[in-house]
Amino acid sequence: LAGRLEAVEQDAATRAREEREAREAPPAPPAQHEPRVAGAPGGGLTVAIGDAFSLNLRTRFQIRYQLGVPQDPDQALSQLVNIGTARLWISGHVLAPELTYMIQLAVAGRDFRDGAISPIFDAFLEWRGHRDLSVRAGQFFVPFDRLRTVREWALQMGDRPRPVLELTLDRDVGVVLFSDAFLGDRSPFAWRVGVFGGGGTNLTEGRPPGALVVGRVELRPLGRIDDDTEGDLDRRHEPGLALGAAFAANFGTDRALSTTGARFADGATTDYLHFAADLVFKWEGFALQAEYLWKHASADQLAESVFTRSGHGWVLQASYVFDPPIELVGRLSQLYAIGATDPRLVEEAARRGVEIGGGLNYYLNGHRFKLQADWIARMPSDFDLAQAQHVVHVQLDAMF
């Protein structure tokens, strides 16, 4: 009996010592994951560590030749040869695959518009934790019209249509709630609602208070479609259709084009209302984009020689991809001024409001590595080519 009691006491002492050592021991290190490294042409380099972190690094640049031909044959031609753009993307996820981030830096001279002093184009966090409600916060494209939110690397021609440049909303800092498949994984309905600062990018000084609110709805009745890139490079066998409409109001902006352009003098501000409707159709190599844009200011003139810019316009752009990947693209657009708006816009719409263009593209790796050439003519509404200004682009656009 004495021996059994001694054994019981030893077992109890051993358990007590083990429990004490377990309490005093440092915490176990977190599980280590071997980093996974992957890369692809045009997709950059990706490093992932478990489900908690990944980082993708991509670069892009554009070698661009531009020739301007004035209306007056006595005037000299204008040539520009440069690096049209140079970009660096840093993206991935952090903490969980549903929480992603992206930073885009644009460092070429042509990227520094409107007196920009920062190379930051995009910088945002995005949470896609639920099918019906996701969140993006930071600086990025205002989700307004499709022909502006298509990324620069996915464009078919060297310049965006003139009505888009005049009437769209550009990047801004804010928050967007959205769903790409509302109420069902195969749902054709998507929506976006956002609130932004309204002043655009690269703000370093205070301005009068204001805000930009925007709402957009999208319908894809024939199923999924890559409407965020131009052209039908996949030559899809089933037709795809995307319809979109958006409304926005920018209260108290101090910029002539709402979120871009020169700032009004003497602290003047205005309110802008915006509307957009757009369509994308793709099938068997054929692609069609159509868009209508409208912008109206609360006042035409804010002070002597200080005007707002109200107008509307439309764009049609069609293309066909042959096999091998050679693409023909054509564009027709028109810009109109509204009322007694900025006289410079009235004159531009009258003399250069119609835009006709055509292009030839060769894709070595889709939009991620391509050779492009296009011609654009801007003329009066009677389509008088003798009164047109012409511009020709030839460029190599490559992403690595």
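Trainee: What share of the 400 residues of the protein counts as buried?

Mentor: The model is a predicted one. A residue is called buried when its relative accessible area is under 20%. Of the 400 residues of the protein, the share that meets this is 43%.

Trainee: What is the radius of gyration of the protein, next to that of a compact globule of 400 residues?

Mentor: A compact globule with 400 residues would come out near 21 Å. The C-alpha trace spans about 120 × 55 × 40 Å along the principal axes of the protein. For the protein, the radius of gyration is 27 Å.

Trainee: How many helices and strands are in the protein?

Mentor: Both kinds of element are present. Among the strands are β16, residues 311-321, and β18, residues 354-363. The count for the protein is four helices and 20 strands.

Trainee: Which strands each supply at least two residues of the nonpolar patch?

Mentor: The patch lies on the surface and covers about 780 Å². Its members include Ile 326, Leu 328, Leu 360 and Tyr 362. One strand runs over 326-337 and the other over 354-363. These strands are β17 and β18.

Trainee: Is Phe 322 buried, exposed or partly exposed?

Mentor: Phe 322 sits in the loop between β16 and β17, and is one of the residues that make the nonpolar patch. Buried means under 20% relative accessible area and exposed means over 50%, with partly exposed in between. Phe 322 has a relative accessible area of 40%, so the word for Phe 322 is partly exposed.

Technical notes
Residues numbered from 1 in each chain as written. Predicted model: local features only at pLDDT ≥ 70, side-chain atom pairs only at ≥ 80, totals over all residues. Heavy atoms only, no water. Patch = residues over 30% accessible without salt bridge, like charges linked within 9 Å, V, L, I, M, F, W, Y side chains within 5 Å. Areas by Shrake-Rupley, 256 points an atom, 1.4 Å probe, with all protein chains shown as cover. Salt bridge = Lys/Arg side-chain N within 4 Å of Asp/Glu carboxyl O. Buried < 20%, exposed > 50% of the residue type's maximum accessible area, 1.4 Å probe, protein only. Rg over C-alpha atoms; globule rule 2.2 N^0.38 Å.
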